[in-house]
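Here are my notes for anyone opening this one for the first time. Keep the viewer open as you read.

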Amino acid sequence: MSTTLFDKVWDSHVVRKIKDGPDVFFIDRHLIHEVTSPVAFLGLKSRNNTVIYPERTFATADHNTPTINQHLPVEDPLSANQLKALEENSAEWGISHWGLGDEKNGIVHVVGPEYGITLPGATIVCGDSHTSTHGAFGAIAFGIGTSEVEMVLTSQCIMQPKPKKMRINITGGLGKGVTPKDVALFIISKLTTSGATGYFVEYAGDVFKQMSMEGRMTVCNLSIEMGARGGIIAPDGKTFEYVNGRLFAPKGEAWDTAMTYWKTLKTDEDAVFDKELTFDGSEIEPMITYGTNPGMGTGISQNIPNAEDVEGGVATYKKSLNYMGFSEGEAMIGKHVDYVFIGSCTNGRIEDFRAFASIVKGRKKADNITAWLVPGSHIVEAKIKEEGLLDIFHKAGFVLREPGCSACLAMNDDKVPAGKVAVSTSNRNFEGRQGPGSKTLLASPLVAAATAVTGVVTDPRTLL
Amino acid sequence: MAYDKFEILKSSAVPLPIENVDTDQIIPARFLKATERKGFGDNLFRDWRYNPDNSIKEEFVLNNPIYKGKILVGGRNFGSGSSREHAAWAVYDYGFRCVVSSFFADIFRGNCLNIGVLPVQVSADFLEKIYKAIEVDSNTELEINLQNQTITLLVSGEKESFDINDYKKENMLNGYDDIDYLTKMKEEIQDFASKRPF
């Protein structure tokens with residue numbers, strides 16, 4: 001019988017099927033961070049349970065960490081306490097822990113792939129919804145709650161009903177200045193913030209075939225923003241090349257065995273999806289959001305839609321625009337901006353900083369812009385230096401910070417003040433996401449760079 | 001942590017007719033710094049409940065004393081966004097045992113089921129009926145019967161059935177959770193793990 005890539009990976013991880021219930025689903029790799037794991041460890045202890053396979057869990061501190069002066073003690077006592085809890089829990093159970101100051105420390109969804117924890121055909125979970133990132137490698141990866149973190153620690157399994165299957169094809173090629181982030185924001189704007197709820201999405205078509213691994217990670221990362229549990233892309237030569245030689249990747253004979261299996265990981269030609277959508281890549285332009293969920297996005301040259309032209313309730317739509325201080329029918333280009341943030345598990349990889357540099361090179365940061373450039377990991381940070389991007393940033397008036405989630409969710413001090421507008425390469429524009437009262441416009445690193453040098457929302461195609 | 005059994009809940013309800021309520025609104029990230037599960041109810045809908053100076057936003061429904069009860073009635077696509085279970089904890093800790101909506105985000109729904117908050121998905125029409133009934137009388141009561149999988153507007157007797165899989169239903173009726181189940185199949189899991197290639 002013809003099956004999908006998703007079926008192949010899912011079905012090979014089902015330990016037990018429960019009648020009219022979830023599957024008992026085996027997890028190959030478990031990533032944990034300081035925010036969603038402490039209560040899971042408390043639960044484990046309160047039941048006198050143990051960590052069944054500590055070698056399958058990896059810990060890094062990212063959500064709550066400062067992005068300057070990481071060599072100094074963390075000032076906020078609550079944050080310091082969470083970081084300490086992660087370190088102590090990891091030590092107690094023999095889990096690899098990459099805390100602040102460790103060269104492997106960084107955003108969980110950036111370092112996972114960098115160290116070969118992320119593998120094709122694997123199942124990967126983390127108490128973070130953007131775990132969908134790892135689907136870029138042909139893994140089934142998704143976010144879980146803290147109760148499930150405890151389940152994985154103690155049993156290496158969770159109880160999951162199998163999601164429905166959707167395939168999104170994007171044919172053709174992409175235009176100038178159109179990045180993987182734009183592809184994702186375009187899809188989400190078409191499907192709305194809940195259009196893929198209940199589904200696991202396979203991305204297929206020429207656009208994804210041609211995309212780099214970094215780009216595929218950006219697209220899969222944003223799957224959750226249309227409600228999908230995760231996204232997956234069939235592994236190919238680029239995937240294998242990326243994984244080969246990384247620290248935790250299989251070596252020698254194990255690599256050869258794995259490759260034999262990985263080459264089978266694709267959707268059969270006549271496999272059927274519950275839902276299938278196709279878009280033409282040439283229709284996508286650089287995107288930007290204007291509202292308070294990631295589905296409220298538009299091509300940057302377009303105007304903000306009228307309430308009657310969008311799906312969903314008018315009252316909710318108007319509440320959202322009211323929060324942003326925007327009106328129906330207004331142009332996005334030229335809107336005043338105060339902050340620019342490049343980073344996060346969505347756009348904190350080397351390719352994103354290269355894109356940012358391609359526009360700011362030889363230009364200057366606008367005076368009204370406060371810019372935060374936050375690499376996703378120390379590997380990204382090192383590459384920025386090696387490739388001469390840091391010099392470009394410095395000459396243009398930008399400073400590079402240290403790795404972490406930073407202003408994406410503003411748990412640390414990197415908060416956009418109330419009433420201020422940020423163009424952000426992160427993943428969520430919810431009310432107050434980047435700080436209480438902050439207003440977020442999600443966009444690509446190119447749009448962020450163009451905006452950073454002009455001080456207003458700017459179409460990057462005019463500067464390329 | 002196992003939780004209280006859920007059988008029949010009869011209560012007035014708090015209406016929140018807003019769509020796409022995300023978990024950042026339910027509990028903003030800056031309140032996720034605890035290492036224990038307590039006190040999250042104080043910060044439920046923090047930025048909708050309070051002004052930046054911590055004064056109360058009187059227009060918000062949780063600050064209106066005429067609305068109370070153990071049932072929260074939210075708009076379509078409730079609980080989208082972040083996987084933070086803290087959002088479900090905040091809902092529970094505030095005193096809600098059930099959230100009603102016409103559509104739930106996946107992870108939030110799962111998190112609720114895992115901690116003993118029942119997500120009840122109703123049709124858009126029934127959701128409207130609930131909002132109208134609450135508008136007429138804020139003390140109007142809903143009855144949720146998990147065994148029969150029904151939700152009833154007691155004032156009119158209008159009723160709708162809701163879906164929940166048998167496994168989760170049994171868990172909630174008995175106050176069991178998934179860890180109780182998983183720890184009983186340790187050997188089966190170990191056998192499975194020994195055959196994984198990586």
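The points below go through the domains, the sheets, the helix pairs and the chain contact in turn.

1. A word before we start: this is a predicted model. Please read everything that follows in that light.

2. Start with chain A, which is divided into domain 1 (1-285) and domain 2 (288-462). The C-alpha centres of domain 1 of chain A and domain 2 of chain A lie 24 Å apart. The contact between them draws 39 residues from domain 1 of chain A and 43 residues from domain 2 of chain A.

3. Which elements of chain A give two or more residues to the side of domain 1 that touches domain 2? They are α4 (108-114), α6 (180-191) and α8 (213-221) of chain A. Sorted by class, that side of domain 1 of chain A has 10 nonpolar, 20 polar and nine charged residues.

4. Two of those helices also pack on each other. The axes of α6(A) and α8(A) are 8 Å apart, at an angle of about 25 degrees. That angle is under 35 degrees, so α6(A) and α8(A) are roughly parallel to each other. The crossing of α6(A) past α8(A) is right-handed. For the residues, look at A:Pro180, A:Lys181, A:Val183 and A:Ala184 in α6(A), which meet A:Gly215, A:Thr218 and A:Val219 in α8(A). The contact of α6(A) with α8(A) splits into four nonpolar residues, two polar and one charged.

5. Next, find the open sheet of five strands in chain A, whose order is β5-β4-β3-β6-β7 and whose pairing is parallel. At its edges are β5 (96-98) and β7 (140-143) of chain A, each of which pairs on one side only. From one strand to the next, the twist averages 15 degrees.

6. For a closer look at this sheet, take strand β3 (residues 29-32) of chain A and strand β6 (residues 123-126) of chain A, which run parallel and are joined by three bridges. Here A:Leu31 stands opposite A:Cys126 in β6(A). Helix α3 (residues 77-93) of chain A packs on the sheet and touches β4 (57-60) and β5 of chain A. The direction of α3(A) makes about 160 degrees with that of β5(A).

7. Another helix pair in chain A is worth a stop. Helix α2 (residues 38-46) of chain A and helix α5 (residues 146-155) of chain A have axes that come within 8 Å and cross at roughly 55 degrees. α2(A) and α5(A) are therefore oblique to each other, and their crossing is right-handed. In α2(A), A:Val39, A:Ala40, A:Gly43 and A:Leu44 meet A:Thr146, A:Val149, A:Glu150, A:Leu153 and A:Thr154 in α5(A). By class, the contact of α2(A) with α5(A) has five nonpolar residues, three polar and one charged.

8. Now over to chain B, where seven strands form an open sheet in the order β4-β3-β2-β1-β5-β6-β7, with mixed pairing. Why do β4 (118-121) and β7 (158-161) of chain B each have one side without a neighbour in the sheet? Both stand at the edges with a single partner strand, so one side of each is left free of a neighbour there. The twist in this sheet averages 30 degrees from one strand to the next.

9. At the β7 edge, strand β6 (residues 150-153) of chain B and β7(B) pair in the antiparallel sense over four bridges. The bridge partner of B:Leu153 in β7(B) is B:Glu158. Helix α5 (residues 124-136) of chain B packs on the sheet, and the strands α5(B) touches are β1 (8-16), β2 (71-74), β3 (98-101), β5 (141-145), β6 and β7 of chain B. The direction of α5(B) makes about 85 degrees with that of β1(B).

10. Finally, how do the chains meet? In all, 50 residues of chain B are in contact with 70 residues of chain A. Among the elements that each supply at least two residues of the chain B side are α1 (23-26) and α4 (106-115) of chain B. α4(B) gives the most to that side, with six residues. The chain B side that touches chain A divides into 19 nonpolar, 14 polar and 17 charged residues.

Conventions
Residues numbered from 1 in each chain as written. Chains lettered and ligands numbered in written order. Predicted model: local features only at pLDDT ≥ 70, side-chain atom pairs only at ≥ 80, totals over all residues. Pairing = 2+ DSSP bridges. Axes fitted to C-alpha atoms, helices over the stretch in contact; angles between N-to-C directions. Contact = placed C-beta atoms within 7 Å. Domains from an automatic or database assignment. Nonpolar A, V, L, I, M, F, W, Y, C, P; charged D, E, K, R; others polar. Parallel < 35°, antiparallel > 145°, perpendicular 65-115°, else oblique. Left-handed = near helix turned anticlockwise from the far one by under 90°.
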